[in-house]
Amino acid sequence: MLSDKEQLRDISSIGLKTVIGELPPASSGSALAASVCKKITGRLTSAIAKQEDVSVQLEALDIMADMLCRQGGLLVNFHPSILSCLLPQLTSPRLAVRKRTIIALGHLVMSCGNLVFVDLIEHLLSELSRNESMSTTRTYIQCIAAISRQAGHRIGEYLEKIIPLVVKFCSVDDDELREYCIQAFESFVRRCPKEVYPHVPTVISICLKYLTYDPNYNYDDEDEDENAMDADGVDEDYQGSDDEYSDDDDMSWKVRRAAAKCLDAVVSTRHEMLPEFYRTVSPALIARFKEREENVKADVFHAYLSLLKQTRPAQSWLCDPDAMEQGETPLTMLQSQVSMIVKALHKQMKEKSVKTRQCCFNMLTELVNVLPGALTQHIPVLIPGIIFSLNDKSSSSNLKIDALSCLYVILCNHQPQVFHPHVQAIVPPVVACVGDPFYKITSEALLVTQQLVKVIRPLDQTDVFDASPYISDLFACTIKRLKAADIDQEVKERAISCMGQIICNLGDSLGADLPGTLHIFLERLKNEITRLTTVKALTLIAGSQLKINLRPILGEAVPILASFLRKNQRALKLGTLAALDILVKNYSDSVTPAMIDAVLAELAMLEFFQALVATGTASLGYMDLLRMLTGPVYAQSAALTHKQSYYSIAKCVAALTRACPKEGPAVVGQFIQDVKNSRSTDSIRLLALLSLGEVGHHVDLSGQPELKTVILDAFCSASEEVKSAASYALGSISVGNLPEYLPFVLQEISGQPKRQYLLLHSLKEIISSASVAGLKPYVENVWALLLKHCECTEEGTRNVVAECLGKLTLIDPETLLPRLKGYLLSGSSYARSSVVTAVKFTISDHPQTIDPLLKNCIGDFLKTLEDPDLNVRRVALVTFNSAAHNKPSLIRDLLDTVLPHLYNETKVRKDLIREVEMGPFKHTVDDGLDIRKAAFECMYTLLDSCLDRLDIFEFLNHVEDGLKDHYDIKMLTFLMLARLSSLCPSAVLQRLDRLVEPLRATCTTKVKANSVKQEFEKQDELKRSAMRAVVALLTIPEAEKSPLMSEFQSQISSNPELAAIFDSIQRDSSSANMESMDTT
């Protein structure tokens, strides 16, 4: 390679590169790799240091970079000498040499020790301070940016020194230097989120300044006269559009591009500054949509897209009702800028450039997703722009697909009337796209057509719009796709859905075409691939207000549907149940017993049975249906496989009995006898009790004298199932007649300590189900009784009491919530824990009258996180978790005080670990495990509901500890890691090396050979879970660049067992992504 002959040099350098590329990875511990690297490193450094022949130097730098990237860890001893040979090259007269040196240094910092790293940074800082020549200063800034990109977590602590220097160089009049400075800011923002925080306002103001930096071009006259180019002093022979204007020496576009990309980075990484972005960044970006350089324009659009994505109200805290009252939320600020956005986009939508138009469609799509209905006022301006791209011969397929999907989202999220003036213009190009030979365009166009059908004839509004001129075109293009057999799967499904919508909304205008089309549906129902989509389409048609005539296909369709209830596919079962339900309701006159037998063999559904009885069909009367329902329980000696079945049958029995009140008393009497009869099996007793409960809930059963004693006797049954059914029945029957039964239940609770637990469950059922007005008179008595039991030593009983107290508080919160608060001062830790648990049951995920009162005092209940009693602290965490999950607005403002206590509970405490002797064995028990688990569960919930209020780095410290904790907690923290990888990838990336180690430890742990089977299963589950976290981490761009991560990856691939787990999870996650796209 060092010879004088060029050919030899080329061949040998290719040879060396190949050798290094083929070496086994560092992690495999191969001696071969180590010895090869050691042999050639010294030679390479001297070849780089000799600045005789540039081409040799470049090849050597290339190979060195390659080696550091792949085998950096093996060269630790050489790192100092590599550094000292690379640094002088940064001032090489040849820019290509400098560039490759920077790449090599980037790979070096990923694996070098701290001393080498400090040397490098100190060198760069001192050279930058000297600022000898512009040319070298540019190189040093580029080098710092490269180091930050490769090893952001290491450079963070030097930012205080680096950033002022970079800021200073921004004001030097040198466009290349400015571009590199802004690129350096971008890498700091993405790689060192924590350390860059204080400097973000400075970075934003620099970016905003340079976003509009275009010294050689005058935008002012644009609006008045777009062709007044001559006045700007451009050459007289200039012809063509702005796009072709490109002054060779004008590098200012690179500065603007860097500024747009840097703003993109800021917007994507700092959720908490959204309001600020809408005040300053948003208007500046909108004003730059007119940018003349296409590449820059695309980056400006991308930055704005990132801003919209951060604003998506999917983050529950953005649509927090309390925040809404404070006036300016990101959403309201965006709303006020919509007309500016549309004005800026409108011009761009008819640009020649395909890329620009695609950007416009992506912007509009995201805007409507964030703010449904936002474009109501602007539809007349935008529709021509969309149609322009659909009709334009020069449009690429992707542009058409983007235009269609944009139109779809707009149609879905606005009122139909808005589009009526434009239907005439929209239909022809959409119909043309349905007929397009490219299946992806057809597929998008069918979605749009389906939505258009809803727009031209909205069934929920008596609209005067005349749809008739468009029906035949829409029908013709869809039926052509529906009939085609040799067509893409997605097109098949969408053609079915689209035709379903056409029949549902326009079926009364199809005349003779209707029966033939329905028969095609019947064919599609028989095909496994299209059956689910067809079931949904039939459900839609059967529910149409137009009363579409489905009779021609019912005889064949219903038995096919019934057979789907046996299939092992949940979505198909649920879809089929919905279809059958609506068919029986709306087409009862055409339903024959033969059809129904097929269905009844498979299912139990409430309204379905009520509808059936009402049809009055012979052989489907009350007793017939009752026998069909209860037959299986009476006939079998063994219990039904699913416990849930008994509850479902009982609910159906009650539904039937309500539909036929005359039959009621006899059946209730029969059920009472079934419970009393000593020969009844437990299954029969169970069904009879549940059915009594369900019927008694709606019908007053106080006329049955034996009922109370029969149920109380069942409390003594040997079967736990029967006992709990009896307690449920007593509660449910009480709801049907409170004055008769509630005092009786209260008296029994006081008088029967043995049955207390079951009776309290009955009371819980009463409080949960009875009407507020009915319960009001009894509140004081019930409250007094519950208080007696809230110090019970039995935790199960305390929990039921707490649930009753909480649900009772909802009836009269003004009086009862302050009382609950008073008991926090109780001397009994049991009482305190009951009260805190009671609060959990007052929180639900929908608005309630108690909310404002709760918000004022939940802080007092959460102070129990500092309670001396371990159990009280644990239930406080459970209550906090419930609030964070169901109603984050209650606790968002308390996080600053709560989080330190929460994090405190995640620590393993030695004083809670004790040894228990079990015969000859010693067994350690950790009494702190439950509370740690509760704390980690809260952390997991906060990620979803309060991400913007967390210091992610502090949070990650505790996640990191959890990764080394007990089995249950590891499982939780693995889940958290996966969530964090998608929510805040840049922060996770900074900590990656510390997170990988515990994951690796889990995956490489061996279970002792003589362990029990559960140990092996547990370890397998842990490995799978850890692997899921690894797969999630690898979705972060650049995660595999971490030496530890890449080493772990090669370890996985060289271990067959781990490799198999890894592959199966990767497959699952990619198919899950596909599914989630289908369902959204």
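A walk through a helical chain

Let's start at N131, which is partly exposed, with a relative accessible area of 26% (buried means under 20%, exposed over 50%, partly exposed in between, using a 1.4 Å probe and protein chains only). You'll find N131 in the loop between α6 (114–130) and α7 (134–155). Its phi is near 50°, a positive value in a residue other than glycine. Most residues other than glycine have a negative phi.

Before going on, know that this is a predicted model, where local features need pLDDT of at least 70 and side-chain atom pairs count only at pLDDT 80 or more, while totals for chains, interfaces and linings use all residues. Residues are numbered from 1 along each chain as its sequence is written, and side-chain values use heavy atoms, with hydrogens and water left out.

K547 also has a phi near 50°, again positive in a residue that isn't glycine. Look for K547 in the loop between α25 (531–542) and α26 (551–564). Is K547 buried or exposed? At 63% relative accessibility, K547 counts as exposed.

Now zoom out. The chain has 53 helices and two strands (DSSP runs numbered from the N terminus: H or I of at least four residues for helices, E of at least two for strands). Of the 1080 residues in the chain, 52% are buried. Take the contacts (heavy atoms within 4.5 Å) with a separation of 6 or more: 73% of those in the chain join residues 24 or more positions apart.

How do some of these helices pack? Begin with α12 (residues 252–269) and α14 (residues 294–311), whose axes come within 9 Å and cross at roughly 10° (axes are lines fitted to C-alpha atoms over the stretch in contact, with angles from 0 to 180 degrees between N-to-C directions). That makes α12 roughly parallel to α14 (under 35 degrees; over 145 is roughly antiparallel, 65 to 115 roughly perpendicular, the rest oblique). On the α12 side, the residues that meet α14 include W253, R256 and R257, and their partners in α14 include V296, D299 and V300. By class, the α12 and α14 contact has seven nonpolar, four polar and five charged residues (Ala, Val, Leu, Ile, Met, Phe, Trp, Tyr, Cys and Pro are nonpolar, Asp, Glu, Lys and Arg charged, the others, Gly among them, polar).

Next, try α35 (residues 720–736) and α37 (residues 756–769), which pack at about 40° with their axes 8 Å apart. That angle makes α35 oblique to α37. Among the α35 residues that touch α37 are K723, Y728 and L730, while α37 offers residues including L758, H761 and E765. The α35 and α37 contact divides into six nonpolar, eight polar and two charged residues.

The third stop is α45 (residues 895–904) with α46 (residues 929–945): their axes come within 10 Å and cross at roughly 140°, and the two helices are therefore oblique to each other. L895, L899, L902 and Y903 in α45 meet A935, C938, M939 and L942 in α46. What does that contact look like by class? It has eight nonpolar, no polar and no charged residues.

Finally, the cysteines. How many disulfides does the structure hold? Zero, where a disulfide is a pair of cysteine sulfur atoms within 2.5 Å. Take C477: its sulfur is 6.8 Å from the closest cysteine sulfur, in C498, so the two are too far apart for a bond. C477 is buried, with a relative accessible area of 11%. C946 is buried too, at 0%.
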